[in-house]
Amino acid sequence: MIVDTAFLITAFVTMFVVIDPIGLAPLFVALTHGMSDQARRRIALRATIIAVVILLAFAAFGEALLNFIGISMPAFRVAGGVLLFLTALDMLFERRTKRREDRSEEDDSDDPSVFPLAIPLIAGPGSIASVILLMGQRPGLEGAVMVLGATGLVMLIVLAFFMISGPIGRALGKTGITVVTRLLGMLLAALSVQFVLEGLAAFGFGPGPG
């Protein structure tokens with residue numbers, strides 16, 4: 001099996017930018033403030049596993065669900081691209097971090113692994129839409145392996161960032177995290193436009209992908 005390196009890189013970058021492990025790290029620190037290192041590791045592992053299961057479910061059954069309710073992949077690709085573009089705007093103008101912080105404050109329990117960490121901070125609308133879009137973009141076993149592999153790698157990075165979130169947050173500081181978030185926002189904006197163009201091309205508007 002010949003691996004399509006370009007698609008693999010696109011899948012990885014898309015999932016990395018949408019999930020944004022760097023931006024999640026300081027929120028994880030805030031949500032687990034005052035907890036022991038053992039409790040933090042347990043929450044990080046549980047949140048990551050739950051998010052992986054959710055994304056796997058949508059990767060496996062997301063397109064079938066869309067077909068069941070009568071939504072075509074090109075239509076979902078356009079809608080998903082628009083959603084990702086709005087996410088990119090939030091990242092560029094720092095609205096995304098504020099909204100994530102608001103969501104984190106809504107949870108008063110001692111264990112934030114399910115909500116808000118797994119849902120919606122990791123497996124949120126953007127990441128769910130992205131994994132369905134990528135699976136639809138490259139149907140078949142080869143595409144599934146690449147998408148799931150890229151997603152799995154991103155989730156391992158998320159887990160690693162959670163495990164070392166304290167030192168990373170202190171090293172980057174608020175300014176560093178803002179700079180990284182805005183750079184990722186620019187990249188996501190370009191990727192989202194590509195999704196929209198491919199969806200429109202499937203309807204016969206403009207040139208096809210590539």
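This passage describes how helix H2 packs against helix H8 and how both helices join a nonpolar core. The model is predicted.

Helix H2 spans residues 21–31. Of its 11 residues, 8 are buried, so H2 is largely enclosed by the rest of the structure. The buried residues are Pro21, Ile22, Gly23, Leu24, Ala25, Leu27, Phe28 and Leu31. Burial here means under 20% relative accessible area.

Helix H8 covers residues 141–163. The axes of H2 and H8 come within 9 Å of each other. They cross at roughly 35°, and the crossing is right-handed. On the H2 side, the contact is made by Pro21, Ile22, Leu24, Ala25 and Phe28. Their partners in H8 are Ile157, Val158, Phe161 and Phe162. By class, this contact has 9 nonpolar residues, with no polar and no charged ones.

Both helices also contribute to the largest nonpolar core, a set of 53 residues. Ile19, Leu55, Leu117, Ile122 and Phe162 have the most contacts inside this core. Two or more residues come from each of H1 (5–19), H2, H3 (37–68), H4 (73–92), H6 (113–122), H7 (125–137), H8 and H9 (165–202). H8 gives the most, with 10 residues. In soluble globular proteins, nonpolar side chains tend to be buried together.

Ile122 illustrates the packing within this core. Leaving aside neighbours within four places in sequence, Ile122 is in contact with Ile19, Leu24, Ala47, Ala51, Leu117, Ser127, Met155, Val158 and Phe162. Among these partners, Leu24 also takes part in the contact of H2 with H8, as do Val158 and Phe162 from the H8 side.

Notes. Residues numbered from 1 in each chain as written. Predicted model: local features only at pLDDT ≥ 70, side-chain atom pairs only at ≥ 80, totals over all residues. Heavy atoms only, no water. Axes fitted to C-alpha atoms, helices over the stretch in contact; angles between N-to-C directions. Helix = DSSP H or I, 4+ residues; strand = E, 2+ residues; numbered from the N terminus. Left-handed = near helix turned anticlockwise from the far one by under 90°. Contact = heavy atoms within 4.5 Å. Nonpolar A, V, L, I, M, F, W, Y, C, P; charged D, E, K, R; others polar. Core = buried A, V, L, I, M, F, W, Y, C linked by side-chain atoms within 4.5 Å. Buried < 20%, exposed > 50% of the residue type's maximum accessible area, 1.4 Å probe, protein only.
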